[in-house]
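This report describes the salt bridges, internal spaces and fold of one protein chain. Please consult the sequence and the structure shown below while reading.

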Amino acid sequence: MGGRTLATALAAILLLACGGIGWFTWTKFQDAGTAESAFGAAFKLTDDRGQPITEAALQGHPSLIYFGYTHCPDVCPTTLYDMAGWFKTLGPDAGGLKAYFFSVDPERDTAETMHSYTSNFTDRITGITGDPVEMQKAIKGWRIYAKKVPTPDGDYTMDHTASVLLVDAKGNFKGTISYGEDTEVALKKIRNLVQ
């Protein structure tokens, strides 16, 4: 009888624990859902043609957003090359999709530099740079990690988030494409975004 009571008590504890885990998980998913609109921030920057651009540019169409810099040795050129490939593969299916390359190094990345850089990959990517204070608003608003790393020769590189952000037509964050992610997986995510 004592064994049965102990087993019943353990079962009750296990049931409560599972219920608690389930509630915690559900709460986190609810928080994640409502946090979609918490991404992004108001900004006043300059596009790669020298024209003013604000957060309003991200409204009315799905977008791919990437934060990087033109002096990046490998991750940024690889990512922009991948983006160009996605546009080419998707063809007309990507008609309403736009892509933005925000500089995490606006001190060196002028509008002209950004235009020359993005043009090497495709005309579908708009470079964005500007005042470092304004750029920080965008960086923090999109929860991007970006840090200047001095090099022994007195120069510096930038350590930064390497994922492409997927943003819907209302400007809401919908997910990411990781650096080096399988092409078919990336294309599926983009197709879901533009539907």
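## Salt bridges

The model, which is a predicted one, contains five salt bridges. Arg 108 takes part in a salt bridge with Asp 105, in which the closest N and O atoms lie 2.5 Å apart. Arg 108 is buried, at 17% relative accessibility. Asp 105 is buried as well, with a relative accessible area of 2%. Arg 108 also forms a salt bridge with Asp 155, and here the closest N and O atoms are 3.2 Å apart. This second pair links distant parts of the chain, with the two positions 47 residues apart in numbering. Arg 108 belongs to the loop between strand 4 (98–103) and helix 3 (111–119), while Asp 155 belongs to the loop between strand 6 (146–150) and strand 7 (156–160). Asp 155 is partly exposed, with a relative accessible area of 37%.

Another salt bridge joins the side chains of Lys 137 and Glu 134, at 2.7 Å from N to O. Both residues are in helix 4 (residues 132–141), and because they are three residues apart there, about one helical turn separates them. Lys 137 is partly exposed, at 39% relative accessibility, whereas Glu 134 is buried, with a relative accessible area of 15%. Returning to the bridges described above, Asp 105, Arg 108 and Asp 155 are joined into one network by salt bridges that share partners.

## The cavity

How many cavities of 30 Å³ or more does the structure hold? There is one cavity that meets this cut-off. The largest cavity encloses about 40 Å³ of space. Its lining consists of Thr 79, Asp 82, Trp 86, Ala 162, Val 164, Ile 177, Ser 178, Tyr 179 and Gly 180. By residue class, this lining comprises five nonpolar residues, three polar residues and one charged residue. Which element gives the most to the lining? Helix 2 (residues 75–90) does, with three residues.

Thr 79, one of the lining residues, is located in helix 2. Thr 79 counts as buried because its relative accessibility is 4%. When neighbours within four places in sequence are left aside, the contacts of Thr 79 are Tyr 66, Ala 162, Val 164 and Tyr 179. Ala 162, Val 164 and Tyr 179 also appear in the lining of the largest cavity.

## Surroundings of Thr 176

Thr 176 lies in strand 9 (residues 173–177). Is this residue buried or partly exposed? With a relative accessible area of 28%, Thr 176 is partly exposed. Leaving aside neighbours within four places in sequence, Thr 176 is in contact with Ser 163, Val 164, Leu 165, Leu 166, Glu 181 and Lys 189. Along the chain, Thr 176 and Ala 162 are 14 residues apart, and their C-alpha atoms are separated by 9.9 Å. Val 164 is in contact with Thr 176, and Val 164 is likewise in contact with Thr 79 of helix 2.

## The largest pocket

The largest pocket holds about 210 Å³ of space. Its lining has 14 residues, among which Asp 48, Asp 123, Arg 124, Ile 125 and Thr 126 are the closest to the pocket centre. Strand 4, helix 3 and strand 5 (125–129) are the elements that give two or more residues to this lining. The lining residues divide into four nonpolar, five polar and five charged.

## Overall fold and confidence

The protein chain has five helices and nine strands. Along the sequence, these elements follow the pattern α-β-β-β-α-β-α-β-α-β-β-β-β-α. Of the 195 residues in the chain, 38% are buried. Among contacts between residues at least 6 apart in sequence, 70% join residues at least 24 apart.

The mean pLDDT of the chain is 85, and 81% of the residues reach 70 or more. Residues 7–37 have a pLDDT below 50, and this stretch has five contacts in the model beyond near neighbours in sequence.

Key: Residues are numbered from 1 along each chain as its sequence is written. This is a predicted model: local features need pLDDT of at least 70, side-chain atom pairs count only at pLDDT 80 or more; totals for chains, interfaces and linings use all residues. Side-chain values use heavy atoms; hydrogens and water are left out. On a 1 Å grid over the protein atoms alone, a cavity is a set of points where a 1.4 Å probe fits but cannot get out, and a pocket is an open set with protein on both sides within 12 Å along at least five of seven lines; lining residues have an atom within 4 Å of a point. Grid points are joined across faces, edges and corners, and a volume is the space filled by probe spheres set on the points. Helices (H or I, at least four residues) and strands (E, at least two) are DSSP runs, numbered from the N terminus. Ala, Val, Leu, Ile, Met, Phe, Trp, Tyr, Cys and Pro count as nonpolar, Asp, Glu, Lys and Arg as charged, and the others, Gly among them, as polar. pLDDT is the predictor's confidence in each residue, from 0 to 100. Contact means heavy atoms within 4.5 Å. A salt bridge is a side-chain nitrogen of Lys or Arg within 4 Å of a carboxyl oxygen of Asp or Glu. Buried means under 20% relative accessible area, exposed over 50%, partly exposed in between (1.4 Å probe, protein chains only).
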